Amino acid sequence: MKKILFAASEAVPFIKTGGLADVVGSLPKAFNREEFDVRVVLPFYRKIPWKYREKCEYVLNYYVEVAGQWIYAGVFQLKMDGVTFYFIDNEYYFSGERIYEDGLWDLEKFAYFSKAALLMCSVIGFRPDIIHCHDWQTGLIPVYLKNEFWDYGRYGDFYQGIKTIMTIHNLKFQGTWNIDDMMRVTGLGEYLFTSDKLEAYHNGNYLKGGLVYADWITTVSSVYADEIKYPFYGEGLDGLMRARSGNLTGIVNGIDYKEYDPQTDPNIFNNYSLENVEEMKRKNKLALQEELGLRQDPDIFTVGLVSRLTGQKGLDLIECVMEEICAPDLQFVILGTGEPRYENMFRYYEWKYKDRVSSSIMYDNTRSHRIYASCDAFLMPSLFEPCGLSQLMSMRYGTLPIVRETGGLKETVQPYNEIDGTGTGFSFANYNAHEMLYTIQYAKSVYYGHRCEWNKMVERAMKEDYSWQNSARQYEELYRMMTWAE
């Protein structure tokens with residue numbers, strides 16, 4: 001049996017700030033357990049809800065050398081849904097009100113976590129064939145493994161031959177700081193902070209270290225894997241991505257098909273399936289309109305947006321043509337928080353067009369599910385989107401995505417082709433407000449003028465398979481390939 005250890009800074013249901021947590025919490029459950037023993041190691045944050053913390057069992061403790069000091073590390077364990085989760089306990093590092101504080105403190109905290117996670121393996125006697133690292137917070141694991149833990153004199157042959165994978169969820173976040181401070185908190189020698197290792201643009205860079213030393217690199221869509229080889233998307237590391245392109249794979253994320261299931265979802269007004277989607281979405285739309293105070297009309301074209309309200313998500317495009325989007329024959333439903341500029345814009349348009357714009361400036365999981373289940377289309381005009389999950393959720397509910405052709409959005413949404421009757425949504429190529437507006441208007445014209453074709457597209461979208469099972473099969477092939485010679 002192949003042993004895999006996921007190392008990450010967050011995972012559902014314990015702690016979540018973004019899509020990384022969905023991957024780390026959901027993907028391990030989808031592997032073939034007769035062939036793969038997949039376990040997960042996380043920090044034991046005080047912010048983890050007590051209902052999970054109280055179920056964790058103490059295993060043992062040991063000491064880790066970080067920043068010139070020997071520091072306590074406890075190991076707690078919890079088995080959930082057939083997956084073993086390990087938690088590294090240290091109140092000094094993990095008792096804060098926020099799991100990310102930014103700056104040097106986070107760099108020291110995750111240097112500690114990376115070294116503690118590696119040392120944990122030998123202390124508890126779990127020797128993974130592959131350590132699967134996620135994002136910059138675990139970027140030092142491949143570095144420590146190949147520069148310190150392969151020391152035969154200290155660790156024997158325990159760590160010899162362990163492979164590592166570095167998964168990039170968003171290349172924009174890299175864990176950078178000045179080299180002197182980074183050397184102090186990591187304990188790594190000056191020889192590692194060169195341009196072919198951890199140095200980038202005169203700073204130290206955790207993610208770059210992981211990308212240099214990992215045996216394989218993955219990212220969350222094949223399109224994004226190609227995009228990051230070029231300067232616009234490469235965030236300063238495009239040259240390294242080109243150099244390592246022979247060991248770079250893109251695998252699209254999935255979504256939890258039990259949580260996002262229109263037939264059983266307890267959050268939505270009316271459950272439905274392929275057989276009655278047209279009728280029940282109309283009922284859901286009426287219920288959502290009533291809840292939000294919009295004009296009740298089951299036939300009006302309704303567009304949803306559930307997002308962080310930031311520039312990366314294409315909100316500047318929406319700002320440019322918001323007046324044109326808010327036409328009398330369209331309703332626009334927004335849910336999210338972010339930059340005040342965009343929050344206030346949506347509040348203003350709700351005030352101006354109360355009957356056709358709703359802006360919920362908050363995060364509400366129940367309302368997000370209701371938007372997926374009630375709207376006709378879902379807007380995602382992102383500047384860049386490594387994978388994206390909202391378009392997968394919207395298709396699961398028969399709500400057709402309108403996306404910009406970038407990253408995972410391009411890979412997962414097939415644009416409508418009226419000639420051959422194919423497609424699962426609508427897309428536009430250039431980052432241009434009027435191109436986006438035209439695509440929204442085109443989708444609206446298909447909805448009103450060719451409802452039969454629209455309904456066929458809804459059916460195709462709902463039949464797409466973006467479950468974690470699909471993603472897990474691709475990771476299994478990668479794991480087999482990396483351990484084939486052993």
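1. Two strands pair if DSSP finds at least two bridges between them. By that criterion β2 and strand β5 (residues 83-89) pair in the parallel sense, over five bridges. Please keep in mind while reading that this is a predicted model.

2. A few overall figures may help you get oriented. The protein's secondary structure comes to 20 helices and 18 strands. Along the principal axes, its C-alpha trace spans about 75 × 45 × 45 Å. The radius of gyration is 24 Å, which agrees with the value near 23 Å that a compact globule of 486 residues would have. Buried residues make up 60% of the 486 residues. Among contacts with a separation of 6 or more, 71% are between residues 24 or more positions apart.

3. Strand β2 is a good place to start looking. It covers residues 36-43, and eight of its eight residues are buried. In a regular strand, side chains alternate between the two faces of the sheet. Here Phe36, Val38, Val40 and Leu42 point one way, while Asp37, Arg39, Val41 and Pro43 point the other way, and all are buried. You may like to note that the second group includes Asp37 and Arg39.

4. What does β2 pair with besides β5? Strand β1 (residues 2-7) and β2 pair in the parallel sense over six bridges. Val41 is a handy residue to click on: in β2 it stands opposite Ala7, and its bridge partner in β5 is Tyr86. The connection is worth viewing too, since β1, helix α1 (residues 19-26) and β2 make a right-handed β-α-β unit.

5. Now for the nonpolar interior. The largest core has 103 residues, and the members that touch the most others are Phe87, Ile88, Tyr112, Tyr159 and Leu211. Helix α4 (residues 104-124) gives the most to this core, with twelve residues. Another core lies apart from it, with 70 residues, among them Leu315, Ile318, Cys375 and Met380.

6. Turning to charges: side chains of opposite charge can pair when their charged atoms come close. A search of the whole structure finds 34 salt bridges. One of interest joins the side chains of Glu148 and Lys115, at 3.4 Å from N to O. This pair links distant parts of the chain, 33 residues apart: Glu148 sits in the loop between α5 (140-147) and α6 (152-155), and Lys115 in helix α4. Are these partners buried or exposed? Glu148 is buried because its relative accessible area of 17% is under the 20% cut-off. Lys115 is buried as well, at 6%.

7. For another setting, try Glu459 and Lys463, whose closest N and O atoms are 3.1 Å apart in a salt bridge. The two are four residues apart in helix α19 (residues 451-463), so about one helical turn separates them. Glu459 is partly exposed, with a relative accessible area of 38%, whereas Lys463 counts as exposed at 55%. Elsewhere, salt bridges that share partners join Lys2, Glu35, Arg473, Glu476, Glu477 and Arg480 into one network.

8. A last pair to look up is Arg295 and Asp297, whose side chains meet in a salt bridge at 3.5 Å, N to O. Arg295 counts as partly exposed, with 36% relative accessibility.

Key. Residues are numbered from 1 along each chain as its sequence is written. This is a predicted model: local features need pLDDT of at least 70, side-chain atom pairs count only at pLDDT 80 or more; totals for chains, interfaces and linings use all residues. Side-chain values use heavy atoms; hydrogens and water are left out. Buried means under 20% relative accessible area, exposed over 50%, partly exposed in between (1.4 Å probe, protein chains only). A crossover is right-handed if, with the strands pointing away from the viewer, the path from the first strand over the helix to the second runs clockwise. A nonpolar core is a set of buried Ala, Val, Leu, Ile, Met, Phe, Trp, Tyr and Cys residues joined through side-chain atoms within 4.5 Å. A salt bridge is a side-chain nitrogen of Lys or Arg within 4 Å of a carboxyl oxygen of Asp or Glu. The radius of gyration is taken over C-alpha atoms; the globule rule is 2.2 Å times the number of residues to the power 0.38. Contact means heavy atoms within 4.5 Å.
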